[in-house]
Amino acid sequence: MSAKPEAFTDADILAVSERRGTPCVTDGGGCYVVTKLTVYADEDVCRVDRARDVNVFATEREACEWVSKMALAPTDPRGVQDAESCEKHAYVISFRWVNR
C-alpha cells in the first residue's frame, strides 16, 4: 500500500455516535466500520493507493445497506462512471470493539 491507512479511533467512533440520532455503537460496545479502498490497476501494476474509514454503524445490516448505495453511486463528481479508469473503489466492512 502506498499510503498509511486512515482509521477511526475509538474517540472518532464515539463522536460520530453522539452526533447522529441513531447510535453507531451497540450497548455492548461493538460497531461495524466501513473502510473505502482506492485501488489502482493497469496492465503493469495493481496496488491499493488508499485505505480510509468512511462510516460506522451499530449493525451489520446498516453497514451493508450503506455500502450498497455507495457502490451504485457514480464516483465522478459530474455523475459519470468511467469504466476505463485505472482507479477503482472497494468497500470493506469490519467489526470493532470500542473502549468507552
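## Close-up views of a predicted model

**Figure 1. The count of disulfides in this predicted model comes to 0.** Here we zoom in on the cysteines. Why does Cys31 have no disulfide bond to Cys24? A disulfide needs two cysteine sulfur atoms within 2.5 Å of each other. The cysteine sulfur closest to that of Cys31 belongs to Cys24, and it sits 8.1 Å away, so the gap is too far for a bond. Cys31 is tucked out of reach, since its relative accessible area is 0% and it counts as buried. Cys86, on the other hand, is partly exposed, at 28% relative accessibility.

**Figure 2. The whole protein chain, before we dive in.** The chain has 2 helices and 3 strands. If you trace the chain along its sequence, these elements come in the order α-β-β-α-β. How much of the chain is buried? Of its 100 residues, 24% are buried. Now take the contacts between residues at least 6 apart in sequence: 66% of these join residues that are at least 24 apart. As for the outside, the chain exposes about 6,800 Å², and 51% of that area comes from carbon and sulfur atoms.

**Figure 3. The largest nonpolar core is built from 8 residues.** Who's in it? The members are Ile13, Val16, Cys24, Val25, Cys31, Val33, Val56 and Val98. Helix H1 and strand S1 (30-41) are the elements that each give two or more residues to this core. One member to look for is Val16, which touches Cys24 and Val56, leaving out residues up to four places away in sequence. There's also a second core, separate from this one, with 5 residues. Tyr32, Val34, Phe57 and Val67 are among them.

**Figure 4. Ser17 sits in helix H1, which covers residues 10-19.** Is Ser17 buried or exposed? With a relative accessibility of 17%, Ser17 counts as buried, because the cut-off for buried is under 20%. Which residues does Ser17 touch, if you skip those up to four places away in sequence? The list is Thr22, Pro23, Cys24 and Val25. Two of these may look familiar: Cys24 and Val25 also belong to the largest nonpolar core.

**Figure 5. Tyr40 is part of strand S1.** This residue is partly exposed, with 22% relative accessible area. Its side chain makes a polar contact with the side chain of Asp42, at 3.0 Å. Not counting residues up to four places away in sequence, Tyr40 touches Val45, Cys46, Arg47, Asp49 and Cys86. You've already met Cys86, the partly exposed cysteine of the opening view. How far apart are Tyr40 and Ser85 in space? Their C-alpha atoms are 8.8 Å apart, although the two residues are 45 residues apart in sequence.

**Figure 6. Arg50 and Glu6 form a salt bridge.** The model has 4 salt bridges by count. Some background helps here: side chains with opposite charges can pair up when their charged atoms come close. In this pair, the closest N and O atoms are 3.0 Å apart. Arg50 belongs to strand S2 (residues 46-57), while Glu6 lies in the segment before H1, so this bridge ties together parts of the chain that are 44 residues apart in sequence. Both partners are partly exposed: Arg50 has 36% relative accessibility, and Glu6 has a relative accessible area of 36%.

**Figure 7. Asp53 and Arg96 form a salt bridge between two strands.** The closest N and O atoms of this pair are 2.9 Å apart. What does the bridge tie together? Asp53 is in strand S2 and Arg96 is in strand S3 (residues 87-97), so the link joins parts that are 43 residues apart in sequence. Asp53 is buried, at 7% relative accessibility, whereas Arg96 is partly exposed, at 23%.

**Figure 8. Arg61 and Glu65 form a salt bridge within helix H2.** The side chains of Arg61 and Glu65 meet with an N to O distance of 3.0 Å. How are the two residues placed along the helix? Helix H2 covers residues 60-72, and because Arg61 and Glu65 are 4 residues apart in it, about one helical turn separates them. Arg61 is exposed, at 63% relative accessibility, and Glu65 is partly exposed, with a relative accessible area of 40%.

Methods:
Residues numbered from 1 in each chain as written. Predicted model: local features only at pLDDT ≥ 70, side-chain atom pairs only at ≥ 80, totals over all residues. Heavy atoms only, no water. Buried < 20%, exposed > 50% of the residue type's maximum accessible area, 1.4 Å probe, protein only. Contact = heavy atoms within 4.5 Å. Areas by Shrake-Rupley, 256 points an atom, 1.4 Å probe, with all protein chains shown as cover. Core = buried A, V, L, I, M, F, W, Y, C linked by side-chain atoms within 4.5 Å. Polar contact = N/O pair within 3.5 Å; in protein donor to acceptor, adjacent residues only side chain to side chain.
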